[in-house]
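Q: Got a minute to go through this one with me? I'd like the basics, then the contact between the chains.

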Amino acid sequence: MKFFARVPKIDFMAQRKVGLAVSTVLTIAAILLVVFRGLNFGIDFTGGVLVEVSYPKSVELDKVRSDLAEAGYDRAVVQYFGASSVVLIRLPPAKSENSSQVSTHILDALHSADSQITLRRIDFVGPQIGEELFSAGGLALLFAFMGIAAYIMFRFEWKFSVGAIAALIHDALMVLGFLSVFQVEFDVTTLAAILALIGYSNNETIVIFDRIRENLIGERRSGILEVVNLSVNQTILRSVITHLTTLLVLTALFTFGGSTVHSFSVALIVGVIVATYSSIYVSTNLAVALGISREDLLPPAEKEIDGLP
Amino acid sequence: MKTYASWKYLLLIAALVFGVIYAAPNLYGDDPSVQISLENGDPIPADLGDKVAASLKNANLTPIGSRIENQQWVVRLDTEEQQLRAADELKQDLGREYVVALNLASKTPGWLRAIGARPMNLGLDLRGGVHFLLEVDIDDVRKKAVDRIVTDVPALLRKEDIRYTGRHEDGNTAVLDFADSEHLEAASAAISKEFNEYQLTTLPDAPLSLQIKLSDKEAKRIVDFAVQQNLTTLRNRVNQLGVAEPLVQRQGTNRIVVQLPGVQDTTRVKDLLGATATLEYRAVADGDAETAAATGVVPAGTQLFYHRDTHQPILLKREVIAGGDNLVDASSTVDQDGGPAVSVTLDSGAAKRMFAFTEKNVGKPMAVLFKERQVVTNYNAKGEPIREHREVEDVISVASIRGVFGKRFQTTGLSSKEAHDLALLLKAGALAAPVDIVEERTVGPSLGADNIRKGFTAAALGLALVACFMIFYYRVFGLFAVSALLLNLLLLVAVLSLLQATLTMPGIAGVVLHMGIAVDANVLIYERIREELRNGSKPHSAIEAGYDRAFLTIADANVTVLIGTVVLFALGAGPVKGFAITLAIGILTSQFTAIVGSRALAQLCFAKRQLKDVPIW
């Protein structure tokens, strides 16, 4: 049995103007979404208190709410978490000085109402810690972009570097837009997912760029667009398979990994899908639009040595 | 087909052996155990073994093992029930200078431990426990320092009879106004002589105002002092909790991380962290302390205390000569004869009292009493929490007064460790800077166990899916890729165990994601081989070309993922660091296994055979 006995011959570059337009529209839409709808930042960034408790059997949320209201926490957000016996309680950051005691009080209140509860998790994050994570996270993204840009400049050439970085920003924004639309919680693991995605998506771009370089040098008679089309077609099977294996493991993680890695896997699943598109229609496309040429990639010609014997 | 260098096979075998050895400790499991160490961190005394054995025999317990491991005495038991009984018994018999903690001791055999093979470290999110991030209030520390300038300097000037016309505080600076420049210069000279840690300036637009502030070096030293002092206090208190592997560590300028694996009762921990300590210098009373201790009858005007280390009863007078908030500084140093000593500085009020007291009491003993106010939470029969305050009061030092002194004095005749410990305790009891909890992460044991189970299910399923797909799609070569992936996972676990890196839930997510990415190297190679075959290459040369040509692409692609992980590691927020570590190590090991490993297998299978086609599709 032979799968794909021949290399596909799809004219990817025919659609390059459409691709560029679609990407631009989507990018603007994602920016608008992130700015106006915003992200559903988790406690890591906003600060506040989160308590997860499990009851021996299903519990009514109203009962938990009234227990909490009795203790003075009528602003608490109470919801089921995975099962109807597990309850998640959130409180926004409080200005009072002993906010670290809030979780203790909540537990005491729930415990006196039902002594069978078990504590699963307490997260308390002071507002200053969240603010620090914002700036640290932003810096991390910036450094990752710069590091990757520098590496591609070193290995290829600036036009490729611009294309690659544009694709990274595009992918990161698409994921953020998706998270914004569905209000998926954005916590520090989600940030990690986006940083990992940046590396992964760039991986895609590099594989195509590598092939373009090889073909530009090898296939001297073809024009740039033909070479690019050939390169994309030669690597497309590999892309599809790699994405498939990555999506397989991410689906396993999404389905069985539990709540801690939920938003992590969602962000990556979306990112991996977007990366396939962007490696062709953003990074490669932009590099072509910027006018990559054979000369850009050829090793510098060795200077002729005078006075040969 | 060229033959594959035999050193590469050897390298692979070596990697396999390394992986098996260093990953093995993770399979042995744990014994419930009791871990005993000295509270002050001294090495375990030689006779502890006998004491432990006697104590266990009393309780009718037979341990599986009882010996020193990693500078701690570890008693291994059969069941958790026995473990609890043994811990209770040992706590009672050994007394307070020992920390008795429950732990799980790995069953890893001695010869493996001897070569540094240990099981992986599980993060708090997997094993359960509490994590606190505390922040020392530096503003308060600085403010107190400025307050001290405002009280000490005028007192000095009054003593030297130098008049000033006004004083006020301006942020971090105390300002004194003078009538003329002569007074200002005289004052300036007197202050520099007495307090060399102050920085004196006069601004051009206010020539008769002396600006006094702490020198930068001194300000930094004071902050360090405050953080150090809190670290010491916290370590002592955490030791009392009896936690097996506590972590109390400074982070940045003014933060302290406290991690207590296996602890769930956060209320108790918070109370303990929030306990306040102080100390008092008091005169030792005449009278028979032993009798007082035995009869319970204490002479009038005195109180009975015990020495923290020797447990000797000591009678102290009720009057307090100097309290913790009078202590300006305490540090271990050397005396004139070069022996270890603790040097103490008091503020001016206490210095006067100390002077008056020592004048009359040369040759008599003086003691330092360490008082700690703790909040203890117990649960009543109905399971409701009850908070009780508990005062812990111990004598930590007794020394005779050698001469008359006031502001500065030294305690001598100590060993260097004693001097060090006393200085730390004095710091801990003095002027404790306020500490706030700025972050708390508590994970209950059920959630931890849940996370492990879920993480491993996801990893196992991910592996199975990838393996099925690869073998279905690439046939024998898929099998090579899967073998390489398995070796890669083995190496990953081995390296994580060897480095004692902490495995967290995001770390497991990293491993899972990595499995998807790791096979990419093989996909690249195999697609290349297929392509070469399509272009009409001979089977053997297609295989070789596939491996050779894909190499650089794989390296390029991996470097960029590595850049992401390095940045992530530098960002360094707890569990996410675990993700960065597993992903980074995974990429490095996969570079080796996916290329060298799978190629070696391909060579073994096909190098000596005539091939019409490559069984890759």
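**Chain A, chain B and their contact**

A: For chain A, the UniProt annotation "transmembrane region" (unreviewed entry) covers residues 20–39, 133–154, 161–182, 240–258 and 264–288. UniProt positions follow the numbering used here, feature names are shortened, and annotations may be inferred rather than shown by experiment.

Q: Is this model predicted, and what are the ground rules?
A: This is a predicted model: local features need pLDDT of at least 70, side-chain atom pairs count only at pLDDT 80 or more, and totals for chains, interfaces and linings use all residues. Residues are numbered from 1 along each chain as its sequence is written, while chains are lettered from A and ligands numbered from 1 in the order in which they are written.

Q: What is the helix and strand content over residues 133–154 of chain A?
A: Residues 133–154 of chain A are 100% helix and 0% strand, with end C-alpha atoms 31 Å apart. Residues 161–182 of chain A are 95% helix and 0% strand, and their ends are 32 Å apart.

Q: How many helices and strands in chain A overall?
A: Ten helices and six strands. Helices (H or I, at least four residues) and strands (E, at least two) are DSSP runs, numbered from the N terminus.

Q: Compact or spread out?
A: Chain A is more spread out than a compact globule, because its radius of gyration is 26 Å, well over the 19 Å that the globule rule gives for 309 residues. The radius is taken over C-alpha atoms, and the rule is 2.2 Å times the number of residues to the power 0.38. Along the principal axes, the C-alpha atoms of chain A fill a box of roughly 95 × 50 × 40 Å.

Q: Any domain on record for chain A? Which residues?
A: UniProt lists "domain: Protein export membrane protein SecD/SecF C-terminal" (unreviewed entry) at residues 108–290 of chain A. That span is 83% helix and 5% strand, with its end C-alpha atoms 64 Å apart.

Q: Switching to the contact. How many residues from each chain?
A: 67 residues from chain A and 61 residues from chain B. Two residues are in contact if their C-beta atoms, placed from the backbone, lie within 7 Å.

Q: Which element of chain A gives the most?
A: α8(A), with 14 residues on the side that touches chain B.

Q: What does α8(A) meet in α14(B)?
A: Residues of α8(A) including A:Leu237, A:Ile241 and A:Leu248 meet residues of α14(B), among them B:Val512, B:Met515 and B:Val519. The axes of α8 (residues 224–256) of chain A and α14 (residues 505–534) of chain B come within 9 Å and cross at roughly 160°.

Q: Parallel or antiparallel?
A: The angle makes α8(A) roughly antiparallel to α14(B). Angles under 35 degrees count as roughly parallel, over 145 as roughly antiparallel, 65 to 115 as roughly perpendicular and the rest as oblique.

Q: What about the backbone in chain B? Where is B:Asp161?
A: B:Asp161 is in the loop between α6 (138–160) and β7 (166–170) of chain B. Its phi is near 60°, a positive value in a residue other than glycine.

Q: Buried or exposed?
A: B:Asp161 counts as exposed, because it has 8 C-beta neighbours inside 10 Å. The cut-offs: buried is 20 or more other C-beta atoms within 10 Å, exposed is 12 or fewer, partly exposed is in between, with C-beta atoms placed from the backbone.

Conventions
Axes fitted to C-alpha atoms, helices over the stretch in contact; angles between N-to-C directions.
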